[in-house]
Amino acid sequence: MIPISKPSIDEREIQQVTKVISNGQLAQGDNVYAFEEAFADHFDYKYSAATSNGTAGLHVALKAAGVKTGDIVLTTPFSFIATTNAIIYCGAIPVFIDIDDKTFNISPEKLREKLIEYPNVKYLLIVHLFGQPCQMDEIMDLVVSKELILIEDCCQAHGATFQEKTVGSFGHVSVFSFYPTKNMTTGEGGMIVTHSRELFEKCKLLINHGSKKKYMHEVTGYNYRMTEMAAAIGLEQLKKLNSMNLKRRSNAEFYKKHISNEFIQLPFNRENIEHVYNAFTIMTEYRDELIEYLSLKQIGTSIYYPLSINLQDSVQDYLSAMNETVSHCPISGMVSKKVLSIPMYPGLTEPELKYISETVSSFIPRAVLTK
Ligand SMILES: *Cc1c(COP(=O)(O)O)cnc(C)c1O
């Protein structure tokens with residue numbers, strides 16, 4: 001079976017982890033500091049704070065940005081649940097803005113409308129989904145004119161750019177994940193980046209039990225620290241990130257050139273952006289059949305995401321307990337019924353890309369076959 005995703009790990013990561021384990025400093029050592037510094041330098045972020053995973057990073061970023069119980073945070077309904085869960089962990093209210101049906105990212109027009117409905121809202125949490133940056137020119141106009149605090153969920157977009165500006169540098173604070181399916185991995189891990197010294201210091205404090213001085217606690221924090229093993233992997237992965245992203249992009253170009261099927265819509269990408277293809281997501285009315293067809297041909301697929309976040313039981317229960325209404329997001333609802341992601345990772349070989357393209361192109365729905 002060709003998997004949907006696979007991390008690119010080689011001897012270098014294995015060597016570095018072995019070194020950490022042998023020397024015995026497994027937590028709060030030099031690798032974490034070195035990884036934080038290297039990550040900030042690589043993208044030209046001013047400050048970066050390593051965390052145990054992307055979800056923890058989002059939680060801390062929102063808290064550091066000032067999100068409190070009852071605050072409204074505008075966000076997208078079409079993402080991994082962690083985006084909304086981080087808002088819920090703060091006791092805040094997620095208000096969902098519907099997405100653009102081509103890019104799957106938050107729609108600037110819908111955001112503009114929502115800001116009229118909620119004139120006092122302060123926070124906006126966006127997601128650069130599947131590796132494609134949001135429409136940052138229009139979003140930044142709104143952020144500036146409404147004086148919003150912008151948090152970027154970059155968990156699927158390490159190295160993506162909008163008009164040559166790297167994601168994670170638009171917002172007040174931004175978060176990356178290093179889960180094995182992401183553009184770079186540390187097993188579990190995350191990174192918070194910001195240009196604000198104040199936000200950085202708040203994040204560092206929250207990640208480490210609110211403590212700067214040993215056993216002295218200024219605020220109630222968490223144990224959201226990254227391990228030394230994770231940081232050692234991350235340092236090696238960061239060196240390979242550009243080449244891994246280039247391979248993802250060339251895989252995507254290959255698919256776009258070689259997949260042709262009237263029942264399948266290929267991903268759309270905007271001009272002036274650098275997409276890093278964390279996922280290659282197609283749309284079809286015949287999704288269940290296509291999954292079955294590809295599975296029989298040993299091609300793995302995954303649905304990112306089968307249910308819009310505003311429709312999840314956990315979110316609906318939370319909002320009703322808070323006496324809040326759930327936003328209506330018809331585009332996200334429609335898209336979640338049609339999307340399907342096919343294998344995308346740097347290690348895909350040319351014969352595999354060719355086989356996947358030919359197989360996807362050869363799919364004919366039963367309803368059409370029996371006509
Ligand atoms: C992966 C992901 C997260 C959460 O990251 P973890 O490291 O798995 O906690 C958050 N948001 C998005 C969009 C993601 O893809």
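Start by selecting leucine 74 and leucine 124: leucine 124, in β4, is the bridge partner of leucine 74. Before you go on, note that this is a predicted model, where local features need pLDDT of at least 70, side-chain atom pairs count only at pLDDT 80 or more, and totals for chains, interfaces and linings use all residues. Residues are numbered from 1 along each chain as its sequence is written, and side-chain values use heavy atoms, with hydrogens and water left out.

Now widen the selection to strand β2 (residues 72–75) and β4, which run parallel and are joined by three bridges. Strands here are DSSP runs of E with at least two residues, helices are runs of H or I with at least four, and numbering goes from the N terminus. Two strands pair if DSSP finds at least two bridges between them.

Next, pick strand β5 (residues 149–153), which pairs with β4 in the parallel sense over five bridges. Look for valine 127, which stands opposite aspartate 153 in β5. Add helix α6 (residues 136–145), and you have a right-handed β-α-β unit made of β4, α6 and β5. Right-handed means that, with the strands pointing away from you, the path from the first strand over the helix to the second runs clockwise.

Show the side chains of β4. Which residues point one way, and which the other? Tyr123, Leu125 and Val127 go one way, Leu124 and Ile126 the other, and all are buried (under 20% relative accessible area, 1.4 Å probe, protein chains only; exposed is over 50%, partly exposed in between).

Last stop: serine 308, in the loop between α9 (287–296) and α10 (313–321). Serine 308 counts as buried, because its relative accessibility is 0%.
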